[in-house]
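Here's a quick tour of the fold you have on screen. Have a look at the picture, then read on.

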Amino acid sequence: MTRADEPLVWQVPAVSRVPLAAPVPTDAEWSGFIRRLESRYDVRQVQVDNTHTKSTRRVSDFLDSATRSRIAYLLPTTPLCQGAADADDDVDDNSAGYVADRAILAVYFGPHMQGPSGGVHGGAVASVLDACIGMATNPLSQPEGYLTAQLTVNYRRMMPLGSYGVAWARVFERDDPSRKAYGIARLVDGQALLASRENGESHRLPVYAEASALFVRRKRAVEGASPASLTQRSRL
Ligand SMILES: CCCCCCCCCCCCCC(=O)SCCNC(=O)CCNC(=O)[C@H](O)C(C)(C)COP(=O)(O)OP(=O)(O)OC[C@H]1O[C@@H](n2cnc3c(N)ncnc32)[C@H](O)[C@@H]1OP(=O)(O)O
């Protein structure tokens, strides 16, 4: 066997596990965190159909599995724009005209999202910011929905592994004739955010990353798709 025929063997040094700042939250801890966000920010968690049995599924499965389901999408209870559905509307009633233009995405960055030693992978951070702006742009996951055309991420500080992240996004411009929507998002430490809110502090929290994005609406709806199932529609 010549040297060229030898199988390539990667010499990977042993990697020691980085101790996390906070252990992976239990179900109770995670839902407690989400309920606190809901009450402080007048938002409600969107219940997504993640059963793989319906064509209505619109949840970002990739993020759901990457975070081991420690991810939550939250929308304002009071839409900013006109045409909001009445709070008592039936779930199937097309959720008429709900335009949020804002969204919050809560996520726990666990060991499976490691990038640099002790820090969250930049791709994971970008995905979270992208999904958050996507949610604000198209909160009902309409089938003729928006796709990311451009995403720019500014990484300001390394997000430590083992932290609760909260991203908030805002759509600041929609140009319907050209099917464009422009949005921004920021990622902060979720526990620091809640603590400052609950203590009535007004100083600005450190931003770990921020993004701006251009979303473009598809020309045609995707075949067979319909709006996402919002099982707690009446709470929005
Ligand atoms: C309730 C649900 C709960 C769960 C929620 C989970 C939320 C998760 C959310 C997850 C979200 C994750 C989201 C994802 O991960 S989306 C996945 C990643 N993105 C993609 O795959 C997109 C791929 N690209 C395309 O499909 C097409 O290129 C698109 C659709 C984008 C445009 O192709 P289309 O043929 O339709 O466009 P057009 O040529 O008619 O142009 C129309 C206008 O747009 C302008 N333009 C177009 N492209 C660009 C560009 N790149 N930069 C700047 N400008 C651009 C263009 O100049 C024109 O403007 P004007 O000249 O008229 O002024």
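## How far to trust it, and how it folds

Residues 224-236 have a pLDDT that stays under 50, yet the model has 37 contacts for them beyond four places in sequence. Here pLDDT is the predictor's confidence in each residue, from 0 to 100, and two residues are in contact if their C-beta atoms, placed from the backbone, lie within 7 Å. This is a predicted model, in which local features need pLDDT of at least 70, side-chain atom pairs count only at pLDDT 80 or more, and totals for chains, interfaces and linings use all residues. Residues are numbered from 1 along each chain as its sequence is written.

Across the chain, the mean pLDDT is 80, with 70% of residues at 70 or more. Another weak stretch is 81-96, where pLDDT is below 50 and the model has 23 contacts beyond near neighbours in sequence. For the complex, the predictor gives an ipTM of 0.96 and a pTM of 0.83.

Now the sheet. Seven strands make up an open, antiparallel sheet, ordered S1-S2-S3-S5-S6-S7-S4. At its edges sit S1 (43-45) and S4 (146-155), each pairing on one side only. On average, neighbouring strands are turned by 25° against each other, direction ignored. For the terms: helices (H or I, at least four residues) and strands (E, at least two) are DSSP runs, numbered from the N terminus, and two strands pair if DSSP finds at least two bridges between them. Axes are lines fitted to C-alpha atoms, for helices over the stretch in contact, and angles run from 0 to 180 degrees between N-to-C directions.

Helix H3 (residues 122-137) packs on this sheet, touching S2, S3, S4, S5, S6 and S7, and its direction makes about 45° with that of S5.

Strand S5 (residues 163-175) pairs with S3 (residues 102-109) over eight antiparallel bridges, and with S6 over 10, again antiparallel. Some of the partners are:

| Residue | Partner in the paired strand |
|---|---|
| Ala106 | Val166 in S5 |
| Ile104 | Trp168 in S5 |
| Arg174 | Ala181 in S6 |

The hairpin of S5 and S6 has four residues between the strands, and there Arg179 takes a positive phi near 60°.

What about helix H1 (residues 27-41)? Its 15 residues reach 21 Å from first C-alpha to last, close to the 21 Å expected at 1.5 Å a residue; the expected span is 1.5 Å times one less than the number of residues. Just after H1, Asp42 takes a positive phi of about 55°.
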